Amino acid sequence: NAMRHWTLVVLTSTVLTACGGAKSGDVPAENAPAGSAAAPAAESKPAEPATVEVTIPVGTTIRLALGTAVASDTSTVEQPVKATLRAAIAVDGREVLPVGTEVTGIVTEAEESGRVKGRASVAMRFTTVRAHGERYDAALAPISRVAEATKGEDAKKIAIGAGAGAALGAILGGKSGAAKGAAIGGAGGTGVVLATKGEEVRLGVGAQVTTRLTAPLTIRLPK
């Protein structure tokens, strides 16, 4: 009987301990109401763009200072050419392209002066603008230069040759000699013109040139 008594005491203590370990208000996690879960974090708004696009309209005048020398007798077609803006470009009061903005392109024509005919000429076209850390394709009107005509100087050389020949002919043979001398002297003057090339076109570093946009140019600016 004593043994049975102690067995019941031990069992009773175990049951009471087990029952006392859990509080009556506790609810297993799997049985917790759905609404008691932690609310999800609020959705984040998309970041606003850090730049804004501004369009420079067609026809805008672009004033440049050459950074590469070009010449009718030394440049070659497709030779790279650089220049920088010498006047800032603004749209609606906001500066879009500052002074010093780099513009690049190529030589499109380089013709030396001819001995018989043809004046010297050089032409270039700028196609790229670098601004605010980006590169943009740009449509700009070509820039060309042609040497001045030398007909007045040529006529003067011929006249001088004819006059010298006439004077010499008069000394040697009177009026008939003067006529012959003038003809010979004039021919000599023409020879001088044919043997002398006309002036070349040369634009050095810093030379000022002007072009214009032939299509709109959109630039991205920081907000």
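A contact here means heavy atoms within 4.5 Å. By that criterion, residues 24 or more positions apart account for 67% of the contacts in the protein chain with a separation of 6 or more. The structure is a predicted model, and its confidence is uneven enough to deserve attention before the details. The chain averages a pLDDT of 77, and 58% of the residues score at least 70. Over residues 189-196 the pLDDT stays under 50, and for this stretch the model has 13 contacts beyond four places in sequence. Where pLDDT is low, the predicted coordinates should not be read in detail.

The protein chain contains 2 helices and 13 strands. Of its 223 residues, 28% are buried. The exposed surface of the chain comes to about 14700 Å², with carbon and sulfur atoms supplying 58% of that area.

The strand pairing can be followed from strand 4 through strand 7 and strand 8 to strand 9. Strand 4, residues 80-85, runs antiparallel to strand 7, and 5 bridges join the two. In this pairing Ala83 stands opposite Val103 of strand 7. Strand 7 covers residues 102-111 and also pairs with strand 8, again in the antiparallel sense, over 9 bridges. There, Val107 stands opposite Met124 of strand 8. Strand 8 in turn is joined by 4 bridges to strand 9 (residues 134-137), and these two run antiparallel. Arg130 has Arg135 as its bridge partner in strand 9. Strand 8 and strand 9 form a hairpin with 2 residues between them, and His132 in the turn has a positive phi of about 55°.

Ala123 gives a view from within this arrangement. Ala123 is found in strand 8, which spans residues 121-131. Is Ala123 buried or exposed? Its relative accessible area is 8% and the threshold for burial is under 20%, so Ala123 counts as buried. Leaving aside residues up to four places away in sequence, Ala123 touches Val107, Thr108, Glu109, Ile143 and Ser144. With Ile143, the C-alpha to C-alpha distance is 5.5 Å, although the two residues are 20 apart in sequence.

A second buried position lies in a loop. Thr68 sits between strand 2 (61-66) and strand 3 (70-71), and its relative accessibility of 18% makes it buried. Which residues does Thr68 touch, not counting those up to four places away in sequence? They are Gln79, Pro80, Val81, Lys82, Leu203 and Val205. One of these, Lys82, also takes part in a polar pairing: the side chain of Thr68 reaches the backbone nitrogen of Lys82 at 3.0 Å.

Charged side chains add further links between separated parts of the chain. A search of the whole structure finds 5 salt bridges. One of them joins Glu53 and Arg220, whose closest N and O atoms are 3.9 Å apart. Glu53 lies in strand 1 (residues 51-56) and Arg220 in strand 13 (residues 217-222), so this pair ties together parts that are 167 residues apart in sequence. Glu53 is exposed at 54% relative accessibility, whereas Arg220 is partly exposed at 31%.

Another salt bridge is formed by Asp73 and Arg202, with the closest N and O atoms 2.5 Å apart. Asp73 belongs to the loop between strand 3 and strand 4, and Arg202 to strand 11 (residues 202-203), so the pair ties together parts 129 residues apart in sequence. Asp73 is partly exposed, with a relative accessible area of 25%, while Arg202 is exposed at 56%.

The salt bridge between Arg130 and Glu102 has its closest N and O atoms 3.5 Å apart. This pair links distant parts of the chain, with Arg130 in strand 8 and Glu102 in strand 7, 28 residues apart. Both are partly exposed: Arg130 has a relative accessible area of 42%, and Glu102 has a relative accessibility of 27%. Salt bridges that share partners also join Glu53, Glu134 and Arg220 into one network.

Notes. Residues numbered from 1 in each chain as written. Predicted model: local features only at pLDDT ≥ 70, side-chain atom pairs only at ≥ 80, totals over all residues. Heavy atoms only, no water. Buried < 20%, exposed > 50% of the residue type's maximum accessible area, 1.4 Å probe, protein only. Areas by Shrake-Rupley, 256 points an atom, 1.4 Å probe, with all protein chains shown as cover. Polar contact = N/O pair within 3.5 Å; in protein donor to acceptor, adjacent residues only side chain to side chain. Salt bridge = Lys/Arg side-chain N within 4 Å of Asp/Glu carboxyl O. pLDDT = per-residue confidence, 0-100. Pairing = 2+ DSSP bridges.
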